[in-house]
Number of protein chains: 2
Amino acid sequence: MTGLGRFSLNQQTVRQWSLPELVAGCAAAGVRQVGLWREPVREYGLTAAARLVRGAGLGVSSLCRGGFLTADDPAGRAAALADNRAAIEEAAELGAGVLVLVCGGLPPGSRDLHGARERVADALGELGPYTDRHGVRLAVEPLHPMFAADRCVVSTLRQALDLAERFPAAQVGVAVDTYHLWWDDTVAAGLARAGAGGRIAAFQLADWVTPLPEGVLLGRGQLGDGSVDLRWFRERVEEAGYAGPVEVEIFNPALWAREGADVLAEVLCRYRKHVL
Amino acid sequence: MTGLGRFSLNQQTVRQWSLPELVAGCAAAGVRQVGLWREPVREYGLTAAARLVRGAGLGVSSLCRGGFLTADDPAGRAAALADNRAAIEEAAELGAGVLVLVCGGLPPGSRDLHGARERVADALGELGPYTDRHGVRLAVEPLHPMFAADRCVVSTLRQALDLAERFPAAQVGVAVDTYHLWWDDTVAAGLARAGAGGRIAAFQLADWVTPLPEGVLLGRGQLGDGSVDLRWFRERVEEAGYAGPVEVEIFNPALWAREGADVLAEVLCRYRKHVL
């Protein structure tokens, strides 16, 4: 597929839309795939959400998110594994082949990044067989190093691949998000490696804009507004053999303050201009 | 030297202090080296500042900062080179053997990180002979990847070494700052490589604390307050053969709002507890 056929709208980009508004808005704009988040799906009801999306003929490119697998106490670890099993079941019911994982930060008071990364690996090993049973693949998402302490100890594509490659490719892949990886001059090599191993499970787009807001979580830029060469990324990912959904996921309160349909129209326009 | 003998106080840690207050405060606390910044030095007067610091028997571990070498227009480039030559002269007059370089971000509208990094390399080549003449070494400082767009396109120790190693070690080294490098699981290898090549020109300490403030520039943590294993870094740097100053550089408005002497006392206490 070329053109908009591979485009997917992550629902966080238009957080102002309810799930029915998202489905109707995508239908009106000719968008055929969405990336969903667990919280709004649960709020609407998992079965009802699955029916709504499927009834509209929409594909679900990914479910966000599982992960937070770095707890160093047995109870925290057991709770995280249980939650990730639930997320795998939810992804399966939604028909999402991919569950995106944000691996988790350092436990309170810890400075042991290596230990936290190893606990992520252990958890992936425990979850792997469960993904097989449900036909859902885990996508380890390297997050920007500014999130290493409090959100994700996996900071680079190379680290994500080092983790994923310990497991079968059908169980564990990686999520490539331009916002997190754009600064890294080894990312081209990482994308080639990921493609050669069949590890690219998800591809997400957002631009990098400054200044970063307090907390740095909600500062992602509309496509074309920032420093990321989005087309370069899309071309590298395709060269690496990835032909799956291209999901636009932008956390930005300025976009949420506008009409959802306006935002989607702008995203599609920018996508044609800066990505295709 | 062991203990506090290698300790250096970067003047930005106690920005509330004037230069004479800094000199007096260090003398009172037994601190024997300071890291200086160009702006407050100029404000006081370069010659007077050099005389003041030297008269108090204080060493100057580094001058911050030169750099901003990524301009893609001839006038901007010429201005940057002229400014860096002036900074080299200032460092020489102050007796600072090291000029820390913040290499600069992307020019407005540019998405070409590689090109910007190559312009930094070109500029280092032009400045190298000038450093020889003045006995001042350039220290390329990799800044955290969250600064790649607007402040420094050199984001990892490996990138900084790739740049520095194109030039004689006496001309160009690297600045190792825990705040910028702590998240990187390749940093141990980078420190060993830097040490083997005699490239560690400066070693700076700050801790990583969250949430990051708006703009992310002034969110550095007091030693021990955050996620960085400072002692691990100090040991790795020493194993790599570095025996120079250990400079504490914390940009944090909460520290600036307090009495300078209190802040310095706390820094020294934390240094003993978390670094030595």
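Me: Which residue in β2(A) is the bridge partner of A:Asn10?
Reply: The model is a predicted one, and its strand β1 (residues 7-10) of chain A is joined by 2 bridges to strand β2 (residues 33-37) of chain A, the two running parallel. Within β2(A), A:Leu9 has A:Val34 as its bridge partner. For A:Asn10, the bridge partner in β2(A) is A:Gly35.

Me: Which residue in β10(A) is the bridge partner of A:Leu9?
Reply: Strand β1(A) also pairs with β10(A), in the parallel sense and over 3 bridges. A:Leu9, whose partner in β2(A) is A:Val34, has a bridge partner in β10(A) as well, and that residue is A:Val248.

Me: Are the residues on the two faces of β1(A) buried or exposed?
Reply: On one side of β1(A) stand A:Phe7 and A:Leu9, and on the other stand A:Ser8 and A:Asn10. Both faces of the strand are covered, and these residues are all buried.

Me: How many strands make up the closed barrel of chain A?
Reply: The pairings of β1(A) with β2(A) and with β10(A) belong to a longer round, which runs β1-β2-β3-β4-β5-β6-β7-β10 with parallel pairing. From one strand to the next, the twist averages 30°. Counted along that round, the closed barrel of chain A has 8 strands.

Me: At about what angle does helix α11 of chain A run to β1(A)?
Reply: Helix α11 (residues 260-274) of chain A lies across three strands, namely β1, β7 (200-205) and β10 (246-248). Another helix of this chain, α6 (residues 157-164), lies across β5 (137-140) and β6 (172-177), and runs at about 165° to β6(A). For α11 of chain A, the angle to β1(A) is about 140°.

Me: What arc around the axis do the buried residues of α8(A) cover?
Reply: Helix α8 (residues 187-196) of chain A has as its buried residues A:Val187, A:Gly190, A:Leu191, A:Ala194 and A:Gly195. They all lie on the same side of α8(A), because the arc that they cover around the axis is only 130°.

Me: Which exposed residues does the face of α8(A) turned away from its buried side carry?
Reply: The buried residues of α8(A) have a cover that includes α6, β6, α7 (178-181), β7 and α9 (230-239) of chain A. Just after this helix, A:Gly198 takes a positive phi of about 65°. On the face turned away from the buried side, α8(A) carries the exposed residues A:Ala189 and A:Ala196.

Me: How far apart are A:Thr178 and A:Trp208 in space, C-alpha to C-alpha?
Reply: A:Thr178 has its place in helix α7 of chain A, and this residue is buried, with a relative accessible area of 0%. Leaving aside residues up to four places away in sequence, A:Thr178 touches A:Phe203, A:Gln204, A:Leu205, A:Ala206, A:Val228, A:Leu230 and A:Phe233. Along the sequence A:Thr178 and A:Trp208 are 30 residues apart, while in space their C-alpha atoms are separated by 8.5 Å.

Me: What is the relative accessible area of A:Gln222?
Reply: A:Gln222 lies in the loop between β9 (220-221) and α9 of chain A. Not counting residues up to four places away in sequence, A:Gln222 touches A:Asp207, A:Ile250, A:Leu255, A:Val263, A:Glu266, A:Val267 and A:Arg270. A:Gln222 counts as buried because buried means under 20%, and its relative accessible area is 2%.

Me: How many charged residues are in the contact of α3(A) with α4(A)?
Reply: Helix α3 (residues 46-55) and helix α4 (residues 74-94) of chain A pack at an angle of about 35°, with 9 Å between their axes. From α3(A) come A:Leu46, A:Thr47, A:Ala49, A:Ala50 and A:Arg54, which meet A:Glu90, A:Glu93 and A:Leu94 in α4(A). Sorted by class, this contact has 4 nonpolar residues and 1 polar residue, and its charged residues number 3.

Me: Which residue in β6(B) is the bridge partner of B:Leu138?
Reply: Chain B has a closed barrel of 8 strands, running β1-β2-β3-β4-β5-β6-β7-β10 with parallel pairing. Within this barrel, strand β5 (residues 137-140) and strand β6 (residues 172-177) of chain B pair in the parallel sense over 3 bridges. The bridge partner of B:Leu138 in β6(B) is B:Val172.

Me: How far apart do the end C-alpha atoms of residues 26-266 of chain A lie?
Reply: The unreviewed UniProt entry annotates residues 26-266 of chain A as "domain: Xylose isomerase-like TIM barrel". In the model this span is 44% helix and 17% strand, and its end C-alpha atoms lie apart by 13 Å.

Key:
Residues numbered from 1 in each chain as written. Chains lettered and ligands numbered in written order. Predicted model: local features only at pLDDT ≥ 70, side-chain atom pairs only at ≥ 80, totals over all residues. Heavy atoms only, no water. UniProt positions renumbered as here; feature names shortened; annotations may be inferred. Helix = DSSP H or I, 4+ residues; strand = E, 2+ residues; numbered from the N terminus. Pairing = 2+ DSSP bridges. Axes fitted to C-alpha atoms, helices over the stretch in contact; angles between N-to-C directions. Contact = heavy atoms within 4.5 Å. Buried < 20%, exposed > 50% of the residue type's maximum accessible area, 1.4 Å probe, protein only. Arc of directions from axis to C-beta. Nonpolar A, V, L, I, M, F, W, Y, C, P; charged D, E, K, R; others polar.
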